[in-house]
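Trainee: I have a structure open and would like to go through some of its labels with you. Could we take them one by one?
Mentor: Happily, let's have a look.

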Amino acid sequence: MKMTPLAVIVGSLLILATIVFVVVILPFAHTSKTVPSDIFRVRTAEESAGRATYIANGCVYCHSQSVRTIDWDLGAERIAQAGDYVADYPILLGSQRTGPDISQAGGEHPDDWHMAHFINPRYTRTLSLMPPFEFLGPAKLDNLIRYVQSLGFKDADKRMTRQRYWKAEAVKAYEAGPDANVAWLSAHIPQGWRDVPNPYPTSAAGLARGHKIYQDFCLGCHGPVGDGMGPAQQWIYPPPLNFTILKNREISGGILYYQIMNGITGTAMPYFKRDLESEKIWDVGNYVAVYFINDSDANTEPRGIDAAYEP
Amino acid sequence: MTAETKEIPASYATAKAFCLTSAFWMMVATFYGLLGATELIAPDLTANIGGIVFGRVRPTHINLVLFGFVTPGLLGAAFFFIPRLLGTPLYSERLGVFTALAWNAALVALVATLAMGLTQGREYAELIWPIDVAVVLVFALTFFNFTMTVARRQEKILYVSVWYVLAGCILTACTYALGNVIWRPNSGALVGIPDAILLWFYGHNVFGLLLTPLSAGVTYYVIPRATRAPLYSHTLSLLGFWSLIVVYTHIGTHHLLQVPVPTWLKVVAIVDSVAMVIPVMAFLINIWYTAKGKLGEIHADVGAKFVFTGTIMYFFVSIQGSFMALPDVQRVTHFNNWVVAHAHIGVLGFAGMIALGGIYFTIPKMTGRPLFSRFLADFQYWMVLIGMVGFTIVLTIAGLIQGNAWLNGETVYRVLPQIHVYYVTRAGLGLLIFTSALLGFYNIVRSLLPQRGAMP
Ligand code: HEM
């Protein structure tokens, strides 16, 4: 084959044109007709403004927006569908998960959690490496939070309705004083859990494990001494619980376990069931009970057969 | 066919300008990389300095590496060897120098706009419309300059390096405009899934139709010249060239295998990703057989050494890439640092190494003097090589930890402490690469300046 300038230039352009037809235009013909998915809705003006802030600050380089069938983390309840993206201009799928996928993050946390988190992610998540975004200022942060809370569209709206309802309830209980607040907190825990003491005996090793979990997951809110005065406190309302008030208020290992596992929707207290397995939850619960409440029911009656590892 | 070149009277002002551009922006680009790596281990170090928040640093790093360091470096060599291969001076050195200046202006605008948060938010297509236009323009000007040189050539036969450079410039001008949706100045995007498909068609072409052809062009020039050997096979040159354009352009959707895009398109992407062994091996066999038994000559020239190492990295990155396009592999490797490792083998180990090699190989021929310091160039070679291989090791380990932990149901947050030590190591290696860029810049500037005392 003789490679004349014409052959090189025109030849490669023709090939490119053909391939553009096959891999860009043909798929465009049918993907551009994608119908909106069941959860889709149009974004509000604030949400769109927040999305612009999201783009301007390169959140997309750390957060994907596309949940896969093999995922377990945030948003795993709903696998991405083509119809979720029909208003995304540009689409923000992302290519790295330095942070979790946030395509379904709307309503996972109340707004105050997000505010504390954006001011400095280490306030709510001690080990985070996400940058602080305080420099954006309150107006942009508000819009950004509106955008994050809209991720998941109608599903997110349902979760937000739930957050708002329970936020009002939690604030009411908090403002009624410690007695009422603790009573309210316990009242929403299934009776079975309330009756269960921590089944495992307190041990130095267990407390050390609990201490580590506390440092890595709880410190920013509940504070180093468990009085609820962590750095996130000033952004959060109702504020993080002061554990010392739980003394003599009928707190069982089961209550602590349940609250840590399930979180308290409406308050900034997140659920930890995705982050922590069973042993870690028992250990951190007992750590809180021993050091901050100063009263642990570990290994008291009623108890089942002792676990095999116990000395 | 041989890479015979003719002595022609020329100032090589354009070639020198592009070499300088590359050396300068390599410092800035690797500095941004180091900054980003540091932020990943100490996120509060730069707290609330908006202009250098991680999400703005990362695209600046990537765009500068691609368009500031690697592409100008490869073009610097091309502006030298195209006239020599064609036996005629460059059509217009003035136009060439102007192109280099415009190129630098676009790069400054790139840094400034991204720092201000002016971005279109699409990976590899972040730049806002005016800069997009400038980029297309400089590629078009470069292409024009080369084409006019070709038209005035004294040498009848077009050597394979010329094919690659011509095709690389014109195809990039086209896919860049297409991928950046240049007809929509405000958003530079389509909507939804079609946007993702177009974006990755273009995104992959940055490697396939820009870095790879230009690197191949430089390699086809440097290796036969350094070994003073005829090219092994004309047929392989042809096969490699045409199959590269046909196959590489099909595979962009392998970035979207886990996203709801049409299945047939994924199948095309996967099949062609595997078929990439054809262009890759056609090129490599051709080069390696040309160099067979002559590694001594390559070792003796630091530029050729860079280039040859680049071809080895090309082998690794491409074989790895073919595997990464398999859905079962991607279950583990997607979304994590494995891909970052791959990207660095490709862009730094392959294209970046060849760009540096092209610069170091051609500068002595432009100036008629040896390099200011062969030692510094060699030192830079080792720093880049160690840095890049080190990156690959630590980021691949980090990626495997992440990918497998996620599959096992662990959350992203839980895995952060486990990859911390690899991030720290990566930042250390980044420091090595950044330092090497400083040395390289010094060396290249001194080599181009009228010389007084030279170093060994
Ligand atoms: C046969 C050749 C190649 C194949 C089949 C291939 C395949 C792939 C695949 C499948 C991915 C996506 C990984 C994922 O997101 O899970 C990828 C990413 C990437 N590849 Fe390659 N690759 C090849 C060669 C190269 C070369 C030569 C370069 C550089 C010059 C390169 C640079 C990159 C970069 C920078 C990314 C990261 C894209 C991102 O930001 O997500 N690849 N490659």
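Trainee: Where is N48(B) found?
Mentor: In this predicted model, N48(B) is found in the loop between α1 (13-41) and α2 (54-86) of chain B.

Trainee: Why is N48(B) called partly exposed?
Mentor: Buried means under 20% relative accessible area and exposed means over 50%. N48(B) has 29% relative accessibility, so it counts as partly exposed.

Trainee: What makes the phi of N48(B) worth a remark?
Mentor: Phi of N48(B) is near 60 degrees, a positive value in a residue other than glycine. Most residues other than glycine have a negative phi.

Trainee: And F335(B), how do you know whether it is buried or exposed?
Mentor: The relative accessible area of F335(B) is 3%. The cut-off for buried is under 20%, so F335(B) is buried. It too has a positive phi, about 70 degrees, although it is not a glycine. You will find F335(B) in the loop between α12 (327-333) and α13 of chain B.

Trainee: Which residue in helix α13 should I look at with the ligand?
Mentor: Try H342(B), which lies in helix α13 (residues 337-367) of chain B. Its NE2 is the single donor from the protein to the iron atom of the ligand.

Trainee: What makes that NE2 a donor?
Mentor: A donor here is an N, O or S atom within 2.8 Å of the metal. NE2 of H342(B) is 2.1 Å away, so it qualifies.

Trainee: How do you know that D132(B) has no salt bridge?
Mentor: A salt bridge needs a side-chain nitrogen of Lys or Arg within 4 Å of a carboxyl oxygen of Asp or Glu. For D132(B), the nearest side chain of opposite charge, R122(B), is 7.1 Å away, so there is no salt bridge, although D132(B) is buried. D132(B) sits in helix α4 (residues 129-151) of chain B, and its contacts include Q120(B), Y176(B) and N180(B).

Trainee: Why can W264(B) belong to a nonpolar surface patch?
Mentor: Patch residues need over 30% relative accessible area. W264(B) has 32%, so it passes that cut-off, and it is partly exposed. The patch of about 350 Å² is made by W264(B) together with F21(A), I25(A) and L26(A). Helix α1 (residues 5-31) of chain A gives the largest share, 3 residues, while W264(B) is in helix α8 (residues 263-275) of chain B.

Trainee: Which residues does a cis peptide bond join, with omega about 10 degrees?
Mentor: Y89(A) and P90(A). Most peptide bonds are trans.

Technical notes:
Residues are numbered from 1 along each chain as its sequence is written. Chains are lettered from A and ligands numbered from 1 in the order in which they are written. This is a predicted model: local features need pLDDT of at least 70, side-chain atom pairs count only at pLDDT 80 or more; totals for chains, interfaces and linings use all residues. Side-chain values use heavy atoms; hydrogens and water are left out. Donors are N, O and S atoms within 2.8 Å of the metal (3.2 Å for Na, K and Ca); water is not among the atoms, so sites may look incomplete. Helices (H or I, at least four residues) and strands (E, at least two) are DSSP runs, numbered from the N terminus. Patches are made of residues with over 30% relative accessible area and no salt bridge: like charges are joined within 9 Å, nonpolar side chains (Val, Leu, Ile, Met, Phe, Trp, Tyr) within 5 Å. Accessible areas come from the Shrake-Rupley method with a 1.4 Å probe; for residues, only the protein chains shown count as cover. Buried means under 20% relative accessible area, exposed over 50%, partly exposed in between (1.4 Å probe, protein chains only). Lys and Arg count as positive and Asp and Glu as negative; His and the chain ends are not counted. Contact means heavy atoms within 4.5 Å. Lists of a residue's contacts leave out its neighbours within four places in sequence.
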